[in-house]
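Subject: Structure handover and findings

Dear colleague,

Please find below the structure that I am handing over to you. My findings follow it, grouped by topic.

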Amino acid sequence: MFPGFQRFSFRACRRLTRASLLLIFLFILVVPAYPQDGGQMRPVADMFQPLSRPAEMIHASSILVLAITAVIFVVVTTLLVYVVWKFRRKGPEDDLKEPPQIYGSTHIELAWTVIPIIIVVVLILVASRTIGEIQNRKMPENAVHIRLVGHQWWWEIQYPKEGIVTANEIHVPVSRREGAGERPTELILESADVIHSFWVPQLAGKTDLIPNKKNRTWIEPFATGTFFGNCAEYCGTQHANMLLRVIVEEPEAYERWVQKMKQPEAVAESGPAAAGRQAFFANACVNCHKVDGTAAAGVFGPDLTKLMTRQTIGAGVAALNPETLRAWVRDPQKLKTGCLMPDMKLMDSEVDSITAYLLTLK
Ligand code: CUA
């Protein structure tokens, strides 16, 4: 009837297909290349490899949900392809009569109402059972307790019982699946500013950190090693660089870490570190940062006690080493644009000495 229109739409369709194929091709080309830039700092944690009790429970129920939905997908797609193929227009001789009308068929209406309701009820039961089991877990006597406070854009980590405060790297003991070695870690989640979300895919599901509210979650890792997590709720400019590490150790190594964190810092008596210590206390550093056993008692920024025991700087923006530490003291905005620590406009000599002092915090 409209031959011109048909030809046009056919050509447009073909162009659109080509453009989409090109886009998909570019995507495949570019995406794997992207994580190579700093890939070391932010490896992608695989939530299909859970290594902690709550993560395993979530994994099990998600596999069940995935299986149910996969069956639905296969059935629907097969029927659709079959119908499209079977009832295609076979040529100009095909009659264009209306097919039989079945609108209002009680059988069909019942089938596609009742079956989905049953499926949804099963999915609800599966999900609520897992949620209940995770939320109602009683913590045993020997559990580790941590208070985790989200800040723009870093994590404050407190061990109230042990009297330890640190940042961005949680140390916990490994747990056994059963018996006396079972040792979960309870996390009380709070926020100092906006909503953040705790997510370490291999250890537990997401839980939000909400201002003026205490949320609770727990982890129970069955393997030692470093587990990568991140803030999972957009919280401002540097949300993407609000990374978290959970370092799971054998119980003895964990106890050693606890003892080390409680030891007082060694005080340098002379040299650049001593000069740096003076510069640190003469500048505004102490208003925001705390170093145990000194007059530096700021709580606005990360606690710097035993700073050099950490793997990263700036909540995972770079590996922590003398070069990145110096670059951070020089101008944090270069490493982490928009972070709340301003460029302190220090002289070169101060940058060197303050870096030397911070290097002694270990
Ligand atoms: Cu904190 Cu996103």
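A residue is called buried when its relative accessible area is under 20%. Alanine 315 has a relative accessibility of 1%, and it therefore counts as buried. Please note that this is a predicted model.

**Backbone geometry**

Most residues other than glycine have a negative phi, and most peptide bonds are trans. Three places in the model depart from these habits, as described here in turn.

Alanine 315 has a positive phi, near 55°, although the residue is not a glycine. Its place is the loop that runs between strand 11 (312–313) and strand 12 (318–319).

Asparagine 168 is likewise a non-glycine residue with a positive phi, here about 65°. This asparagine belongs to the loop between strand 3 (164–167) and strand 4 (169–173). With a relative accessibility of 8%, asparagine 168 lies under the 20% cut-off and so counts as buried.

The remaining case concerns a peptide bond: glutamine 152 and tryptophan 153 are joined in the cis form, with omega at about -5°. Tryptophan 153 sits in the loop between strand 1 (144–151) and strand 2 (154–159).

**The sheet with strands 3, 2, 1, 5 and 8**

Strands of a sheet pair through backbone hydrogen bonds, either parallel or antiparallel. An open sheet of 5 strands has the order 3-2-1-5-8, and its pairing is mixed. Strand 3 and strand 8 (215–219) are the edge strands, each of them paired on one side only. On average, neighbouring strands in this sheet are turned by 25° against each other, with direction ignored.

Strand 1 runs parallel to strand 5 (residues 185–191), and 7 bridges join the two. Within this pair, arginine 147 stands opposite isoleucine 188 of strand 5. Strand 5 also pairs with strand 8, in the antiparallel sense and over 5 bridges. There, threonine 185 has isoleucine 219 of strand 8 as its bridge partner.

Is strand 8 enclosed by the rest of the structure or open? Of its 5 residues, 4 are buried, so strand 8 is largely enclosed by the rest of the structure. Strand 8 is nevertheless an edge strand of its sheet.

**The sheet with strands 4, 10, 9, 6 and 7**

Another open sheet consists of 5 strands in the order 4-10-9-6-7, again with mixed pairing. Strand 4 and strand 7 (207–209) stand at its edges; each has a single partner strand, so one side of each is left without a neighbour in the sheet. Here too, neighbouring strands are turned by 25° against each other on average, direction ignored.

In this sheet, strand 6 (residues 196–199) and strand 9 (residues 225–231) are antiparallel partners, paired over 2 bridges. Phenylalanine 198 has cysteine 231 of strand 9 as its bridge partner.

**Aromatic pairs**

How many aromatic pairs does the model contain? The count comes to 5. One of them joins phenylalanine 280 and phenylalanine 281: the ring centres are 5.4 Å apart and the planes stand at 75°, so this pair is edge-to-face. The two residues differ in exposure, as phenylalanine 280 is buried at 2% relative accessibility, whereas phenylalanine 281 is partly exposed at 26%.

Phenylalanine 280 also pairs with tyrosine 357, with ring centres 5.3 Å apart and planes at 55°, so that pair is tilted. Phenylalanine 280 lies in helix 5 (residues 271–282) and tyrosine 357 in helix 9 (residues 348–359), so the contact ties together parts that are 77 residues apart in sequence. Both phenylalanine 280 and tyrosine 357 are buried.

In addition, ring pairs link Tyr159, Tyr254 and Trp257 into a cluster.

**A nonpolar surface patch**

Which residues make the nonpolar surface patch? The patch is made by Leu22, Leu23, Phe25, Leu26 and Leu29, and it covers about 530 Å². Leucine 23 belongs to helix 1 (residues 3–30). A residue counts as exposed over 50% relative accessible area, and leucine 23, at 60%, is therefore exposed.

With kind regards

Terms used: Residues numbered from 1 in each chain as written. Predicted model: local features only at pLDDT ≥ 70, side-chain atom pairs only at ≥ 80, totals over all residues. Heavy atoms only, no water. Buried < 20%, exposed > 50% of the residue type's maximum accessible area, 1.4 Å probe, protein only. Pairing = 2+ DSSP bridges. Axes fitted to C-alpha atoms, helices over the stretch in contact; angles between N-to-C directions. Patch = residues over 30% accessible without salt bridge, like charges linked within 9 Å, V, L, I, M, F, W, Y side chains within 5 Å. Areas by Shrake-Rupley, 256 points an atom, 1.4 Å probe, with all protein chains shown as cover. Salt bridge = Lys/Arg side-chain N within 4 Å of Asp/Glu carboxyl O. Phe/Tyr/Trp six-rings, centres within 6.5 Å; stacked < 30°, edge-to-face > 60°.
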